[in-house]
Structures are given as C-alpha cells and as structure tokens.
Amino acid sequence: MAARRMVSYADYGRKARGNRSGQAYVYGSAARQPEVLPIRAPVGELEHRQKTSSQVLKNRRRALSINAAYAFFLASAAVTAVVICFLYLSLQSETVIRSENITALQKELAELTEKNDAALQAAEDSVDLQVVWDKAVNELGMVYASQGRVVPYKNPTNDCVKQYNDIPENGVLAKSGSLKE
C-alpha cells in the first residue's frame, strides 16, 4: 500500500495557503475512507431493561395511570384552591378599599376639627368681656351678689322655675294657712 499521510486541520490551513484553489492537498494515491463509529447504547440502560421484571413494569403502569376517584380528588382540590385564592384576593381588595376610606375620613375629620377650632377662637375673640360687664353694670343695673343677698331656694320638683314676681327676702314664695313665720 502506498504510504499515506494523515492530515490534521492545522495541515489543511498550511497547505491550502500554497494551493490557489483553496483545497487541501493530500499526499498519496489512496482515497481516505470515512471512519464509521459504532452505535453504542448508553451504558447500563440495556442491562437495566433486561433486569426489570414484568411485575415492576405492571406496578409502574398502575402508578402512572389515573383512576376516576383520583381524578375527582385532583379536580376538587384544584377548584378549592382557585376558590380560596379568589376569596383571599377579594378580602385583600376590600381591606385596601376600607383602608383608603378610613384615610379619607381621617383627613376630613382633621379639616373639620381645624375649622371648628378656628371658628371657636374667632367667637371667643369677638366677645369683649369688659364691654359685656360694663353694659350689665351701667345700663342694666346689675350688681355682684353680696353675702346677704343670696337667697337659697328649694325647688319641690325638678322642673324649671319661671319667675313672675320678685322673690321675697325670706325665700318663701307662697304662704299657706299651715306655715307661720
């Protein structure tokens, strides 16, 4: 046989530079035969298939199959999970809505409290107590109560009292035959 030289990929590039057609030059007259690699099964798979018994295969098929009761259980579990998720989301959205409502009401309460405080302060500032005292004493003739001028009065009922006449000095409003002074 003619001597044949093995050409590596590095040799192709080196020899192709000298060849203008762009093809690599191979020394020798024999054409190269393609090497065919044998098809091999993965190690252990063939042995594993041979070792599994029919009972094991039967159990595997039974484990992979789904009967009606198991399918019903899975479907009901899925429906229950979806319903629980829906209820959770609705409660969560309701909580957010109520929280926003509470925040709005708190803001409104703060504004109303501020307005009320401002109105109270304006009402207190508008009344001059010195002017009221001056008008009561000088124009209406009112005087401060002194020690001897206070007349205690016992109301027989818890009703209001309307005064139509002056209260006498002794504090008795009506005289009856049984009362004596």
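**Close-up views of a predicted helical model**

**View 1. Salt bridge between Arg 98 and Glu 94.** Arg 98 and Glu 94 form a salt bridge in which the closest N and O atoms lie 3.0 Å apart. The model shown here and in the other views is predicted. Both residues belong to helix α4, and because they are four residues apart there, about one helical turn separates them. Arg 98 counts as exposed, because its relative accessibility of 54% is over the 50% cut-off. Glu 94 has a relative accessible area of 35% and is partly exposed. The structure holds one salt bridge.

**View 2. Patch of negative charge on the surface.** Four acidic residues, Glu 108, Glu 111, Glu 114 and Asp 117, gather in this surface patch. Asp 117 is placed in helix α4, which covers residues 68–126. With 47% relative accessibility, Asp 117 is classed as partly exposed, because partly exposed residues fall between the 20% and 50% limits.

**View 3. Nonpolar surface patch around Ile 66.** Ile 66, Tyr 70, Phe 73 and Leu 74 make a nonpolar patch of about 410 Å² on the surface. Ile 66 sits in the loop that lies between α3 (54–64) and α4. The relative accessible area of Ile 66 is 54%, so this residue is exposed.

**View 4. Helices along the protein chain.** The protein chain contains five helices and zero strands. In sequence order, the elements of the protein chain read α-α-α-α-α. Helix α4 spans residues 68–126, and α3 spans 54–64.

**View 5. Burial, contacts and exposed area of the protein chain.** The protein chain has 181 residues, of which 3% count as buried; buried here means under 20% relative accessible area. About 17,700 Å² of the protein chain is exposed, and 59% of this area comes from carbon and sulfur atoms. Taking contacts in the protein chain between residues at least 6 apart in sequence, 19% join residues at least 24 apart.

Definitions and conventions: Residues numbered from 1 in each chain as written. Predicted model: local features only at pLDDT ≥ 70, side-chain atom pairs only at ≥ 80, totals over all residues. Heavy atoms only, no water. Patch = residues over 30% accessible without salt bridge, like charges linked within 9 Å, V, L, I, M, F, W, Y side chains within 5 Å. Areas by Shrake-Rupley, 256 points an atom, 1.4 Å probe, with all protein chains shown as cover. Salt bridge = Lys/Arg side-chain N within 4 Å of Asp/Glu carboxyl O. Lys, Arg positive; Asp, Glu negative; His and termini not counted. Charge placed at Lys NZ, Arg CZ, Asp CG, Glu CD. Helix = DSSP H or I, 4+ residues; strand = E, 2+ residues; numbered from the N terminus. Buried < 20%, exposed > 50% of the residue type's maximum accessible area, 1.4 Å probe, protein only. Contact = heavy atoms within 4.5 Å.
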